[in-house]
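Colleague: I should be grateful for a close look at one part of this model, namely the open sheet and what packs against it. Please set out the pairing of its strands in a connected account.

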Amino acid sequence: SRFRHDYLEVRGLRVEFDGFVAVQGVDLTVTAGDLRFLIGPNGAGKTTIVDAITGLARATGSVKFGGVELLGRKTHRIARAGVGRTFQTASVFEELSVLQNLDIAAGARRGPAALLRRRGRVPESVEQALETIGLAHLRDTQAGILAHGQKQWLEIGMLLVQDARLLLLDEPVAGMSQAEREQTGDLLQRIGAQRTVVVVEHDMEFLRSFASSVTVLHMGRVLAEGTYAQVQADPRVQEVYLGS
Ligand code: ADP
């Protein structure tokens, strides 16, 4: 696939806030087709790692994607290198339709001229994203009235049409119903099979059905790494989770 050379390599990542070290020398390797979960109790440093990768937190060490160093670059240049993220609160254009949201995201990648193209023609990438996120039947619905889960899927769709090849998703199932969680699980499996996907998650239970690898963080460090079964059976991981 066209994604096969994509490779996230985080080495010795360190983030300090006013003398408090939130991330202390984290190494992380994620390849395309290997969906990775980042888990750990509150305050473990999960979101700060995503912030560092996307240029929102100042960090030292190294973050390479596809061999390109991202640390020290501005956020928009990191996005242009194919890195996209979601936040816990979905940020979509509430007054616009699902299709218009995807169109704008696609246009942002192709430049302003694309926004002026003939009305009525939906680009193939947008059609594909609508199918992938399961919102094809809601294409003309105003984003503001979508259910919480649907907004999260739309935001993921916007990253897909922007051609993000590394997707960093921050607690995508937080606040979702059980049915929405299951659908999100399917969506992550499909995207993760192709692109490089890192999912920050607090709830261990959600990972149970995935064969993907899991990195457990604790106090800014990697505590354990392995399959769900492996990390779940690790006494150090149990201690951290029961103690939190
Ligand atoms: P997690 O996502 O695992 O819950 P975070 O990455 O949000 O953890 O936070 C890691 C630690 O860094 C926490 O102790 C948090 O209070 C601290 N922290 C995060 N952002 C800031 C900031 N902007 N200023 C100071 N401390 C911060």
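Modeller: The account below follows the sheet strand by strand and then turns to its surroundings.

This is a predicted model, in which local features need pLDDT of at least 70 and side-chain atom pairs count only at pLDDT 80 or more, while totals for chains, interfaces and linings use all residues. Residues are numbered from 1 along each chain as its sequence is written.

Helices (H or I, at least four residues) and strands (E, at least two) are DSSP runs, numbered from the N terminus. Two strands are taken to pair if DSSP finds at least two bridges between them.

The open sheet consists of 4 strands in the order S2-S1-S4-S5, with antiparallel pairing. S2 and strand S5 (68-69) stand at the edges; each has a single partner strand, so one side of each is left without a neighbour in the sheet. Against this sheet packs helix H1 (residues 46-53), which touches S1, S2 and S4. The direction of H1 makes about 70° with that of S2. Contact here requires that the C-beta atoms of two residues, placed from the backbone, lie within 7 Å. Axes are lines fitted to C-alpha atoms, for helices over the stretch in contact, and angles run from 0 to 180 degrees between N-to-C directions.

Strand S1 (residues 7-17) is joined to strand S2 (residues 20-31) by 9 bridges, and the two run antiparallel. Within this pairing, Leu-13 has Val-26 of S2 as its bridge partner. The hairpin of S1 and S2 has 2 residues between the strands, and Asp-18 in the hairpin takes a positive phi near 45°. S1 is also joined to strand S4 (residues 60-65), by 5 bridges and again antiparallel. There, Arg-11 has Ser-62 of S4 as its bridge partner. In a regular strand, side chains alternate between the two faces of the sheet.

Val-26 also leads to a residue far along the chain, Val-222, which lies in strand S10 (residues 221-227). Leaving aside residues up to four places away in sequence, Val-222 touches Val-26, Asp-27, Thr-215 and Leu-217. Val-222 and Gly-45 are 177 residues apart in sequence, yet 9.8 Å apart in space, C-alpha to C-alpha. Val-222 counts as partly exposed because it has 19 C-beta neighbours inside 10 Å; a residue is buried with 20 or more other C-beta atoms within 10 Å of its own, exposed with 12 or fewer, and partly exposed in between, C-beta atoms being placed from the backbone.
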